[in-house]
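Here is a short report on one protein and its ligand. Look over the sequence and the structure first, then read on.

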Amino acid sequence: MTLKDLGWERYSTDLPMETLPLETTVARVAVENRGSYLLYSTVGELEGIMRGKFMHGKKANSVYPKVGDWVVFEKLADEKKAIITAILPRISQLSRNKAGEEAAEQIIAANIDTVFIVQGLDGDFNLSRLERYVAMAQAGNCQPIILLNKCDLAPDASAKLAQVETALPGVPAILTSATQNLGIEQVRSLITTGLSLVFVGSSGAGKSTLINNLLGTARQKTGATRLTDSRGKHTTTKRELIVLDSGGVLIDTPGMRELGLWTQSENSIRETFDDIEALQKKCKFNDCDHERSQGCAIVAAVTNGALPQERYQSFLKLTREAQARQRKTWK
Ligand SMILES: Nc1nc2c(ncn2[C@@H]2O[C@H](COP(=O)(O)OP(=O)(O)OP(=O)(O)O)[C@@H](O)[C@H]2O)c(=O)[nH]1
Ligand SMILES: [Mg+2]
Ligand SMILES: [Zn+2]
């Protein structure tokens with residue numbers, strides 16, 4: 001595998017020339033294991049470890065290498081081992097709030113171009129959850145694309161697609177069936193050499209099945225969902241970077257139990273709701289709460305039917321969440 005296959009060309013064009021390390025010393029993090037990392041490099045697979053002194057003391061999660069990171073290494077003689085000496089700057093990342101911890105950023109994958117947000121058109125379908133994932137992708141500078149999977153199980157698949165397109169204008173959405181091979185060519189056409197794409201969504205949505213279909217082999221383990229509530233059994237247990245023969249880098253992830261929205265600012269929410277953002281400028285007061293304040297243009301739009309009530313509620317919910325998160329960060 002070449003560095004180009006791994007996405008190096010695409011990544012490194014954004015870095016200043018004088019800061020570029022030698023290509024023979026860079027690798028991409030493919031898997032994070034306990035205490036070490038599987039690295040892909042021009043010399044093949046390596047087991048990367050951090051310097052001892054680095055591992056002392058408690059550090060923020062984001063200072064450690066993440067799947068998708070580009071790192072600089074020093075190979076140890078006669079071994080498939082290497083010391084990771086630096087993590088190159090992340091140009092984008094997909095992050096969320098770590099479950100149970102206050103305002104702790106957890107990076108799911110680094111240097112990502114596209115986030116495939118996978119939702120099953122069985123019991124998994126949920127518009128406001130989709131909106132959160134979209135906000136999460138945009139917050140990290142990644143392009144979100146929605147894959148409504150298991151369309152073979154949903155007689156109302158095109159109605160659901162229309163709902164998504166209305167709720168999230170500007171975000172591409174595709175109907176797929178990983179098992180019946182529907183929509184797969186459309187997905188494949190989005191994957192080109194050097195591009196890095198991560199699959200996220202609930203357990204059982206079909207992320208690994210989609211990846212296997214794109215690979216043409218059953219590389220990733222998949223697992224049946226419960227009939228009662230369509231929930232998966234957390235079959236995929238670690239994040240893993242996979243290089244397609246036809247070009248492109250895919251990252252499979254375990255289903256998310258809890259989706260924390262990570263935003264340092266509310267900018268990503270503004271992007272997701274840019275129609276509401278435009279309305280906001282017409283509110284009478286600058287500090288309008290968009291609920292009870294007088295002369296609120298958003299409330300007016302809901303009242304006269306220009307803005308769907310559901311979309312307004314999602315906006316309020318996301319805004320409140322982001323505000324609460326910010327208060328926590330500042331404490
Ligand atoms: N009918 C139907 N079943 C599907 C489709 N895609 C996946 N499945 C099934 O859904 C179940 C879960 O698929 P997985 O690919 O393991 O789901 P996952 O998102 O990777 O789940 P985790 O690894 O647990 O996060 C499996 O039994 C698949 O065969 C589809 O398009 N249609
Ligand atoms: Mg899986
Ligand atoms: Zn207002």
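A residue counts as buried if 20 or more other C-beta atoms lie within 10 Å of its own. K66 has 23 C-beta neighbours inside 10 Å, so K66 counts as buried. Keep that cut-off in mind. The model is a predicted one.

## A buried lysine in a loop

Where is K66 found? The answer is the loop between α2 (52–55) and β4. Leave aside the neighbours of K66 within four places in sequence. K66 is then in contact with V29, E32, I107, A109 and A110. Take A110 from that list. K66 and A110 are 44 residues apart along the chain, yet their C-alpha atoms are separated by 6.4 Å.

## The whole protein

The protein has 331 residues, and buried residues make up 38% of them. Its secondary structure comes to ten helices and 13 strands. Now consider contacts between residues at least 6 apart in sequence. Of these, 65% join residues at least 24 apart.

## The barrel

Five strands form a closed barrel, in the order β1-β2-β3-β5-β4, and the pairing is mixed. Neighbouring strands of this sheet are turned by 55 degrees against each other on average, direction ignored.

What holds strands together in a sheet? They pair through backbone hydrogen bonds, either parallel or antiparallel. Both senses appear in the table, which lists three pairs from the barrel.

| Strand pair | Sense | Bridges |
|---|---|---|
| β2 (residues 37–41) and β3 (residues 44–50) | antiparallel | five bridges |
| β3 and β5 | parallel | four bridges |
| β4 (residues 70–75) and β5 (residues 81–87) | antiparallel | five bridges |

Each pair can be traced residue by residue. Start with β2 and β3. A hairpin of two residues joins β2 to β3. S41 has G44, in β3, as its bridge partner. Move on to β5. There, I84 stands opposite M50. A82, also in β5, stands opposite K75.

## The open sheet

A second set of strands forms an open sheet. Its six strands run β10-β9-β8-β11-β13-β12, and again the pairing is mixed. Which strands lie at the edges? They are β10 (173–175) and β12 (240–243), and each pairs on one side only. On average, neighbouring strands of this sheet are turned by 25 degrees against each other, direction ignored.

At one edge, β9 (residues 143–149) and β10 pair in the parallel sense over three bridges. L148 is bridged to L175 in β10. Helix α6 packs on this sheet and touches β8 (114–120), β9, β11 (196–200), β12 and β13 (249–252). The direction of α6 makes about 155 degrees with that of β13.

## Two covered helices

Look more closely at α6 now. Is α6 mostly covered or mostly uncovered? It is mostly covered, with seven of its nine residues buried. The buried ones are K207, S208, T209, L210, I211, N213 and L214. Their cover includes β8, β9, α5 (184–188), β11, β12 and β13. Just after α6 comes G216, with a positive phi of about 80 degrees.

Helix α3 (residues 127–139) makes a second case. Ten of its 13 residues are buried, so α3 is largely enclosed by the rest of the structure. Among the buried residues are L130, Y133, V134 and M136. The list also includes E131 and R132. From first C-alpha to last, α3 reaches 18 Å, close to the 18 Å expected at 1.5 Å a residue. Just after α3, N141 takes a positive phi of about 70 degrees.

## Around the ligand

Finally, turn to ligand 1. How many residues surround ligand 1? There are 25, and the closest are G206, S208, T222, T236 and G255. By class, this shell has five nonpolar, 17 polar and three charged residues.

Which helix gives the most to the shell? It is α6 (residues 207–215), with three residues. So two threads meet at α6: this helix packs on the open sheet, and it also contributes to the shell around ligand 1. S208 shows the overlap well. S208 is one of the buried residues of α6, and S208 is also among the closest residues to ligand 1.

How values were computed
Residues numbered from 1 in each chain as written. Chains lettered and ligands numbered in written order. Predicted model: local features only at pLDDT ≥ 70, side-chain atom pairs only at ≥ 80, totals over all residues. Pairing = 2+ DSSP bridges. Axes fitted to C-alpha atoms, helices over the stretch in contact; angles between N-to-C directions. Buried ≥ 20, exposed ≤ 12 C-beta atoms within 10 Å, placed from the backbone. Contact = placed C-beta atoms within 7 Å. Expected span 1.5 Å × (residues − 1). Near = placed C-beta within 6 Å. Nonpolar A, V, L, I, M, F, W, Y, C, P; charged D, E, K, R; others polar.
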